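Colleague: Got a minute to walk me through this model? I'd like to get a feel for the fold before I set anything up.

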Amino acid sequence: MQIPKENPMGNAFLRKANTFLGKIETGALCLIVAMLLGLAILKIVMRYVFSASLLWSDIMLQHLTLWLCFFGAALATCERRHISIDVLSRILPGSITRWTNLVIDCIALVVVGILAYYGFLFIEDEKLSEAILIGSVPLWWAKTIIPYGFVLIGIHVVLQIGIHFTSGVYTPDTAEGESE
């Protein structure tokens, strides 16, 4: 049985790229959470102290939550902590599990590509709307996270597939503690 050769240069680059994107996403998540908290506190102060309200605050909070979800999903994909069904990894040998994970990643890439495509179509439809978020900022700008969030998730999946192909990780068929 031949063990695949590792390409340390390509693997290190792909891992660093994945980690770098993950750090950007973590920073964006922290910023979004701070904005959510700040806006919620501002809304409470305006209502109970000044008896006024910010008409745009509810829509902004909803869209910030949408951004939070997409960046969180991208970070989960970066760390391979996204929702998965691990039944196959429990019943199949390790060497086969490695290839089933690759197939699952390829299927996920196709699904994410389709969702991104329809997300871009959705944004094109939203551009026809004259809805305004704040001042002169169109509401469709806040919804751009939908297609671009799927693109970001797709980038992580592509990086994971690349890491799979450049790593020489070999999982033997034998169970832990079992002799070959």
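**Walking through the model**

Modeller: Sure, let's start with H4: its buried residues pack against H3 and H5. Keep in mind that this is a predicted model.

Colleague: Okay, which residues of H4 are buried?

Modeller: They are Ser95, Thr97, Arg98, Thr100, Leu102, Asp105, Val112, Ala116, Gly119, Ile123 and Glu126.

Colleague: And how far does H4 reach from its first C-alpha to its last?

Modeller: H4 reaches 48 Å with its 34 residues, close to the 50 Å expected at 1.5 Å a residue.

Colleague: Let me zoom out. How many helices and strands are there in the chain?

Modeller: The chain has five helices and two strands. Starting at the N terminus, the order of elements is α-α-α-α-β-β-α.

Colleague: What share of the residues counts as buried?

Modeller: 35% of the 180 residues. As for contacts in the chain with a separation of 6 or more, 79% come from residues 24 or more positions apart.

Colleague: Back to helices. At what angle do H2 and H5 pack?

Modeller: About 5°, and their axes are 9 Å apart; H2 covers residues 57–78 and H5 covers residues 145–166. That angle makes H2 roughly parallel to H5.

Colleague: Which residues meet there?

Modeller: On the H2 side, Leu66, Trp67, Phe70, Phe71, Ala73, Ala74, Thr77 and Cys78. On the H5 side you have Ile145, Ile146, Gly149, Phe150, Leu152, Ile153, His156, Val157 and Gln160.

Colleague: How does the contact of H2 with H5 split by class?

Modeller: There are 13 nonpolar residues, four polar ones and no charged ones.

Colleague: How many residues of H5 are buried?

Modeller: 17 of its 22, so H5 is largely enclosed by the rest of the structure. From first C-alpha to last, H5 reaches 31 Å, close to the 32 Å expected at 1.5 Å a residue.

Colleague: Switching to charges. How many salt bridges does the count come to?

Modeller: Five salt bridges. Side chains of opposite charge can pair when their charged atoms come close. One of the bridges joins arginine 80 and aspartate 105, at 3.2 Å from N to O.

Colleague: Which parts does that pair tie together?

Modeller: Arginine 80 is in the loop between H2 and helix H3 (87–91), while aspartate 105 is in helix H4, so the pair links parts that are 25 residues apart in sequence.

Colleague: Is aspartate 105 buried or exposed?

Modeller: Buried, because its relative accessible area is 6%, which is under the 20% cut-off. Its partner arginine 80 is partly exposed, at 37%.

Colleague: What else is aspartate 105 in contact with?

Modeller: If you leave aside neighbours within four places in sequence, aspartate 105 is in contact with Arg80, Val157, Gln160 and Ile161. Val157 and Gln160 also turn up among the H5 residues that meet H2.

Colleague: Give me another salt bridge. Which residue does lysine 143 pair with?

Modeller: Glutamate 126, with the closest N and O atoms 3.0 Å apart. Lysine 143 is in the loop between strand E2 (137–138) and H5, and glutamate 126 is in helix H4, so this pair ties together parts 17 residues apart in sequence.

Colleague: Are lysine 143 and glutamate 126 buried or exposed?

Modeller: Lysine 143 is buried, and glutamate 126 is buried too.

Colleague: And what does glutamate 79 meet in a salt bridge?

Modeller: Arginine 81, with 3.8 Å from N to O. Glutamate 79 counts as partly exposed at 46% relative accessibility, and arginine 81 counts as exposed at 66%.

Colleague: Last topic, pairs that sit apart in sequence. How far apart in space are alanine 12 and serine 167?

Modeller: 9.3 Å, C-alpha to C-alpha, with their places 155 residues apart in sequence as the separation. Alanine 12 lies in helix H1 (residues 8–48), and it counts as partly exposed at 32% relative accessibility.

Colleague: And aspartate 125 with tryptophan 140?

Modeller: Those two are 15 residues apart in sequence and 9.1 Å apart in space, again C-alpha to C-alpha. Aspartate 125 is in helix H4 and is exposed, with a relative accessible area of 53%.

Colleague: Great, thanks for the tour.

Methods: Residues numbered from 1 in each chain as written. Predicted model: local features only at pLDDT ≥ 70, side-chain atom pairs only at ≥ 80, totals over all residues. Heavy atoms only, no water. Axes fitted to C-alpha atoms, helices over the stretch in contact; angles between N-to-C directions. Helix = DSSP H or I, 4+ residues; strand = E, 2+ residues; numbered from the N terminus. Parallel < 35°, antiparallel > 145°, perpendicular 65-115°, else oblique. Contact = heavy atoms within 4.5 Å. Nonpolar A, V, L, I, M, F, W, Y, C, P; charged D, E, K, R; others polar. Expected span 1.5 Å × (residues − 1). Buried < 20%, exposed > 50% of the residue type's maximum accessible area, 1.4 Å probe, protein only. Salt bridge = Lys/Arg side-chain N within 4 Å of Asp/Glu carboxyl O.
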